[in-house]
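Thanks for coming. I'll take one structure today and keep to a few elements of it. Please have a look at it first.

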Amino acid sequence: MTDERSRSVIIAGAGVAGLTAAIAFARHGLSVRLYEQAPQLEAFGAGLQLSPNATHILRELGVLPELLPYTVRPRAVELRDAGTLKMLTAIPLGEMAEKRWKAPYLVVHRADLQRALLATANQNTRIELKTGARIVNVHQHANGIEASVNCAGHVSNVSAGLLVGADGVWSAVRNAVRTTAPSRFTGELAWRTTIALDEPAGRAFAGIANTDAVTAFLHSRFHLIAYPISAGTKINLVAFTKGERIADSWSGNADIKILAQAMRNTSPQLRKLVDLAGGWTAWPLHSVDSNGAWRAKGAALIGDAAHAMTPFAAQGAAMAIEDAAMLADFIANDDELATRLSVWEQRRKERVNKVVRRGALNHLAWHAAGPVALARNLFLKLRSPEQLAADLDWLYGWRLPESGSVNDTPSAAVPTDQKSPVKK
Ligand SMILES: Cc1cc2nc3c(=O)[nH]c(=O)nc-3n(C[C@H](O)[C@H](O)[C@H](O)COP(=O)(O)OP(=O)(O)OC[C@H]3O[C@@H](n4cnc5c(N)ncnc54)[C@H](O)[C@@H]3O)c2cc1C
């Protein structure tokens with residue numbers, strides 16, 4: 001990407017993927033125009049777990065100092081039986097995670113992550129962010145790409161060397177370049193709320209779990225994940241049940257009885273916590289098949305636009321961050337856009353597909369019943385915390401490939417997992 005037009009990038013969407021991509025491209029010296037349909041970047045979403053594969057990149061991009069004051073480094077991931085509340089196992093995090101995976105494991109509110117990304121982006125004059133600006137159409141040309149942007153009813157065309165579709169699960173860019181399959185409802189609902197530790201619900205939580213850990217309460221019909229956010233003052237609760245499609249949007253209204261029904265036969269203390277917490281909103285989980293194409297002439301899809309996944313491996317935002325940083329590294333300093341995009345897509349797909357499979361496995365194991373649940377519990381009991389951590393090296397120890405060493409032919413691409421510096 002050497003001439004002026006081709007050294008510019010248009011990004012649709014200023015979520016985690018779009019903001020990370022903007023920072024990464026600008027650091028390579030490219031000028032970035034970032035269009036966000038929302039009138040302003042609002043506090044939206046709930047808690048996120050950010051594993052070391054993501055925080056390592058955020059550190060490289062200079063985002064971590066902006067983020068750390070709002071985060072918590074959880075001591076461990078603790079799995080508990082939702083019926084007895086007994087701990088099944090604990091995977092140590094905290095200092096151990098940092099030592100093993102060379103970057104912190106953090107929990108944070110999504111709004112705090114977005115704020116930290118925005119603060120970092122604002123420090124770079126190569127990035128121009130326009131809010132209230134929706135990308136509505138895309139035209140591909142011989143030497144670049146053009147997008148139509150709708151700002152308050154006024155449509156104008158902008159062109160660049162590359163268009164990055166970071167516009168989420170209902171991506172307009174994906175639809176316009178007709179690359180990959182549409183999103184689909186997975187049949188699962190996420191129920192989310194946050195509680196303050198000094199409220200009755202916070203005290204009820206402190207009575208059944210450790211407030212400085214990520215806790216997963218497991219049951220055959222649901223599971224509930226809890227962890228501290230907002231510098232440890234609040235606990236993020238998210239429960240998962242089966243459910244009906246309620247909306248093609250992040251959150252909507254659903255009958256709380258679905259959650260209560262899924263929780264019958266669980267511990268009365270856990271049910272009391274859910275009652276006391278209140279304020280539950282339902283989030284229908286939509287996914288995008290990660291095997292569809294993520295690129296077209298002059299365009300690439302990243303994050304949920306390319307591969308929205310169920311959150312059972314807690315990796316959707318982390319994969320968006322990896323996609324964005326690797327895309328910028330791969331194509332910023334090279335004229336061979338098409339080949340580079342192809343290698344990038346192939347390598348990212350290997351990685352993302354493995355993560356999607358891991359999420360499906362977690363769901364299966366966490367919702368196990370009867371003898372399968374007994375076998376799971378025995379497996380967890382026999383495995384040392386060190387072994388459980390080692391099982392995650394491929395995921396949390398992943399590092400960006402060195403862009404200078406990229407071999408330009410897709411068939412010669414080295415699986416990204418082999419690039420992990422973490423010793424197994
Ligand atoms: C219940 C739940 C729990 C989760 N937990 C975790 C976790 O613990 N860890 C983790 O890593 N991930 C987690 N995730 C996943 C994570 O939230 C998503 O993968 C991540 O936010 C996707 O980021 P994105 O930037 O790709 O998309 P989005 O966050 O959806 O951002 C897309 C942006 O594009 C804008 N936009 C859309 N269309 C247009 C357009 N045409 N023009 C301009 N702008 C547009 C939107 O307004 C939005 O701002 C979870 C998800 C859920 C539902």
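To start with a question: in which sense do β8 and strand β9 pair, and over how many bridges? The pairing is antiparallel, and there are 8 bridges between β8 and β9, the latter covering residues 144–151. One bridge as an example: R134 has N150 in β9 as its partner. Before I go on, note that this is a predicted model.

Now the sheet itself. It is open, it has 3 strands, and the order is β8-β9-β10, with antiparallel pairing. β8 and β10, the latter at 154–160, are the edge strands, each pairing on one side only. From one strand to the next, the twist averages 25°.

Next, the ligand. The shell around the ligand has 33 residues, and the closest are G13, G15, G168, G303 and G316. Several elements give two or more residues to that shell: α1 (16–27), β2 (31–36), β3 (47–50), β8 (133–141), β16 (281–287), α10 (304–307) and α11 (316–331). So much for the list; β8 from the sheet is among them. By class, the shell splits into 20 nonpolar, 9 polar and 4 charged residues.

Which element gives the most to the shell around the ligand? That is α11, with 4 residues. α11 has 16 residues and spans 23 Å from first C-alpha to last, close to the 22 Å expected at 1.5 Å a residue. On burial, α11 is mostly covered, with 16 of its 16 residues buried.

That's what I have on the sheet, the ligand shell and the helix.

Note on methods:
Residues numbered from 1 in each chain as written. Predicted model: local features only at pLDDT ≥ 70, side-chain atom pairs only at ≥ 80, totals over all residues. Near = placed C-beta within 6 Å. Nonpolar A, V, L, I, M, F, W, Y, C, P; charged D, E, K, R; others polar. Expected span 1.5 Å × (residues − 1). Buried ≥ 20, exposed ≤ 12 C-beta atoms within 10 Å, placed from the backbone. Pairing = 2+ DSSP bridges. Axes fitted to C-alpha atoms, helices over the stretch in contact; angles between N-to-C directions.
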